[in-house]
Amino acid sequence: MSIRLLILLCLITTQATSQIPTDSAAFFIKDIYRQTLAEEKAYSWLTTLTKGIGPRLSGSEKSIKAIHWAKATMDTLGFDRVWLQPVMVPHWERGEKEQVLMITPGAGVTELKALALGNSPGTGSQGVRAEVIEVQSLDELRSLPDEQIEGKIVFFNRPMDLGLTSTFSAYGGAADQRTSGPVAAAERGAVAVVIRSLSTRQDDYPHTGMTQLSDKIQNIPSVAVSTNDAVVLSNTLKKGKVELYIRTSCQMMEDALSYNVIGEIKGTTHPEEIILIGGHFDSWDVGEGAHDDGSGCMHSMEVLYRLRKMGYTPNRTLRCVLFMNEENGLRGGKAYADSSFANNEYHLAAIESDAGGFTPQSFGISPGAETSLDSAMSHMSGFMELLEPYDIELKAGGGGADIGPLKPKAGVLMGLRPDSSRYFDFHHSGLDTLENVHPRELAAGAAALTSLVFLLDQYGIGE
Ligand SMILES: [Zn+2]
C-alpha cells in the first residue's frame with residue numbers, strides 16, 4: 001500500500017460513515033470485475049441493439065425504436081427513475097445508394113465506392129459531372145486561384161497520420177477536410193466535394209461523418225470515397241484530366257421529435273451531487289453503430305445495473321444518460337445541459353464513453369469551470385491506485401462531446417480511453433458492427449467504468 005493510499009485510508013476511516021475503507025473498496029472492485037466479466041451483460045444488450053434494431057440516425061424510425069427499447073429495458077433494472085427527455089433533432093436521410101463514377105478519356109468509366117457526408121445536400125436526379133482538382137488541405141485550396149476551382153469537383157486527399165500513437169489525434173489532424181472542406185470549396189465556386197475516407201485502413205469501405213453547412217452560400221454535395229479508391233483517383237489524376245459524375249439523393253428533412261433516455265438511482269447522503277455516465281445513442285445509418293456508440297451506451301446502462309445488482313447504495317445520485325444526436329447536431333447534449341441548468345443541478349462528475357468498446361486503458365479528466373485540475377487529479381490519484389491491478393490509469397485531458405455543455409456546472413468531466421488502434425478501421429462505416437466488438441473487451445470497459453463511478457461516489461473529487 002502506498003503512502004498516499006494509507007493517508008486516504010486514515011482520512012476515510014475517521015470521516016463520514018458513508019465512506020468505506022479502501023481495503024473494502026478493493027474487494028468490492030474485484031467483485032465488480034468478476035461479475036461484469038462473467039456475465040457480459042453489456043454485450044447481450046448490444047446484440048439486441050445492433051442485430052434486433054440496427055443503425056440509429058437522428059430522426060429515423062429505428063432511433064425511436066431503440067429509444068423505446070432502452071427505456072423498457074431500464075424499466076426492468078430496478079432504477080429509482082427512468083424517463084425520456086424530449087429534444088428536437090435534425091433529420092437527414094441518405095436516400096438511394098450513391099453513385100460516383102470516374103471518367104477518363106483513356107480508361108473509360110470506373111465506379112468508386114462512396115458515401116454521402118452527413119447533412120450534405122443531394123445532387124438532384126441529374127447528378128453533377130465536372131473535372132476534378134486534388135488538394136491536400138484547406139490551406140492548399142485557399143492558395144489556388146479562383147479559375148482553378150470554379151466549376152470543379154474538389155478532392156481532399158490528405159490521409160490520417162498513421163505515425164501518431166493515438167488514432168484520435170490522427171483523426172483530429174485530418175477531419176477538417178470533411179467538416180469544413182465542402183463549405184470552403186463552395187465559397188470558391190466548386191460544384192461538389194470528394195474526400196478521402198477518414199480511416200486507418202487501406203480498404204474498400206467508405207466512411208461517412210458530419211459536414212458543416214453554411215447559411216450564407218449554396219451548400220454543395222459532398223461524398224467520401226474509400227481509401228483504396230482515393231488512391232485510384234489520385235493516381236489517375238497524375239496521368240491527366242479526370243472527370244467525376246456524382247449522383248446522391250440525400251436530403252435534410254424537417255426537425256424531428258426525439259429523446260435522451262435517462263435512468264437514475266437516487267443518492268442517500270448527497271443526492272444533490274450527480275455522477276453521470278453516458279454515451280450517444282444515435283449512430284450513422286451505415287453499419288450498426290456498435291462501437292460508435294452502442295458500446296458506450298451499453299457501458300453506461302451496465303454501470304447502474306451492476307451497482308444495483310450488487311446491492312450497492314450510493315451516497316450520490318447516479319445517472320445513466322443515452323444522448324441523442326451527437327453525430328450531426330449535438331442537440332441531445334445541449335438539451336440535457338439546458339434542463340440541468342434550469343433545475344439548478346450540480347454534476348460532481350460527468351463521464352462519457354464514446355471511444356469504442358475496446359480494452360480500457362485510462363480515464364482522461366478535465367476540470368469544470370470552478371475546479372482545479374491539479375487538486376482533482378491529486379485527490380483522485382489516491383483512490384485510482386485501486387485500479388492499478390486492472391491496468392487503468394488517470395490522465396489529464398478528456399471528456400466527451402455530449403457532456404461538454406455541462407462544464408460550467410460540473411466538478412470534473414471525464415472520458416473512457418480504450419485502446420484506439422482499431423477504432424478508426426470501423427468508425428462511421430459499414431464495418432461498425434457487432435462482429436467487430438469483442439465481448440470481453442466490452443465487459444472490461446464496463447467494469448472499469450463501474451469501478452470509477454463507485455470510487456467517485458465513495459471518495460468524491462476533493463476540494
Ligand atoms: Zn461517437
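Modeller: Before we go through this predicted model, one convention is needed: a crossing of two helices is right-handed if the near helix is turned clockwise from the far one by less than a right angle, and left-handed if anticlockwise. By that convention, the crossing of H10 and H14 is right-handed.

Colleague: What makes H10 and H14 oblique to each other?

Modeller: The two helices pack at an angle of about 50°, and their axes are 9 Å apart. Angles under 35 degrees count as roughly parallel, those from 65 to 115 as roughly perpendicular and those over 145 as roughly antiparallel, with the rest called oblique. The value of about 50° falls in none of the named ranges, and H10 and H14 are therefore oblique.

Colleague: Which residues in H10 and H14 meet, and how do they divide by class?

Modeller: From H10 come Ser295, His299, Glu302, Val303, Arg306 and Leu307, and they meet Leu442, Gly445, Ala446, Leu449, Thr450, Val453 and Phe454 in H14. By class, this contact has 7 nonpolar, 4 polar and 2 charged residues; Gly445 goes with the polar group because Gly is counted there.

Colleague: Why are H3 and H4 called roughly antiparallel?

Modeller: The axes of helix H3 (residues 41-53) and H4 come within 11 Å and cross at roughly 150°. The cut-off for roughly antiparallel is over 145 degrees, so the pair H3 and H4 is placed in that class. The contact is made on the H3 side by Trp45, Thr48, Leu49, Gly52 and Ile53, and on the H4 side by Lys62, Lys65, Ala66, Trp69 and Thr73. These residues divide into 5 nonpolar, 3 polar and 2 charged. As for handedness, H3 passes H4 in a right-handed crossing.

Colleague: Ser58 lies in the loop between H3 and H4. How do you know whether Ser58 is buried or exposed?

Modeller: Its relative accessibility is 0%, and buried means under 20%, so Ser58 counts as buried. Leaving aside residues up to four places away in sequence, Ser58 touches Ser63, Val89, Pro90, His91, Trp92, Asp282, Met324, Asn325 and Asn328.

Colleague: What makes Gly289 buried?

Modeller: Gly289, in the loop between E13 and helix H10 (290-309), has a relative accessible area of 3%. Because the limit for buried is under 20%, Gly289 is classed as buried. Among residues over four places away in sequence, Gly289 touches Arg56, Ser283, Gly294 and Asp432. Gly289 and Gly54 are 235 residues apart in sequence, yet 7.4 Å apart in space from C-alpha to C-alpha.

Colleague: Why is E13 described as largely enclosed by the rest of the structure?

Modeller: Of the 11 residues of E13, 8 are buried, so the strand is largely enclosed.

Colleague: How do you know that E13 and E14 pair?

Modeller: Two strands pair if at least two bridges are found between them, and 8 bridges join E13 to E14, which run parallel. One of the partnerships is that of Ile274 with Thr317 in E14. E13 and E14 are neighbours in an open sheet of 8 strands with mixed pairing, in the order E1-E12-E14-E13-E15-E18-E16-E17.

Colleague: What makes E1 and E17 the edge strands of that sheet?

Modeller: Strand E1 (81-89) and strand E17 (393-396) each pair on one side only, and the twist averages 25° from one strand to the next. E17 is joined to strand E16 (residues 360-367) by 4 bridges, the two running parallel, and the bridge partner of Ser362 in E17 is Glu393.

Colleague: Which helices lie on or across these strands?

Modeller: Helix H4 (residues 61-75) lies across E1, strand E12 (256-265) and strand E14 (316-323), running at about 15° to E12. Helix H14 (residues 439-459) packs on the sheet as well, touching strand E13 (270-280), E14, strand E15 (346-352), E16 and strand E18 (410-418), and its direction makes about 40° with that of E16.

Colleague: How do you know that E3 and E4 pair?

Modeller: At least two bridges are required, and strand E3 (residues 99-104) and E4 pair in the antiparallel sense over 5 bridges, with Leu101 opposite Glu111 in E4. These strands belong to an open sheet of mixed pairing, whose 8 strands are ordered E4-E3-E10-E6-E7-E8-E9-E5. Its edge strands are strand E4 (108-112) and strand E5 (114-116), each pairing on one side only.

Technical notes:
Residues numbered from 1 in each chain as written. Predicted model: local features only at pLDDT ≥ 70, side-chain atom pairs only at ≥ 80, totals over all residues. Heavy atoms only, no water. Axes fitted to C-alpha atoms, helices over the stretch in contact; angles between N-to-C directions. Contact = heavy atoms within 4.5 Å. Buried < 20%, exposed > 50% of the residue type's maximum accessible area, 1.4 Å probe, protein only.
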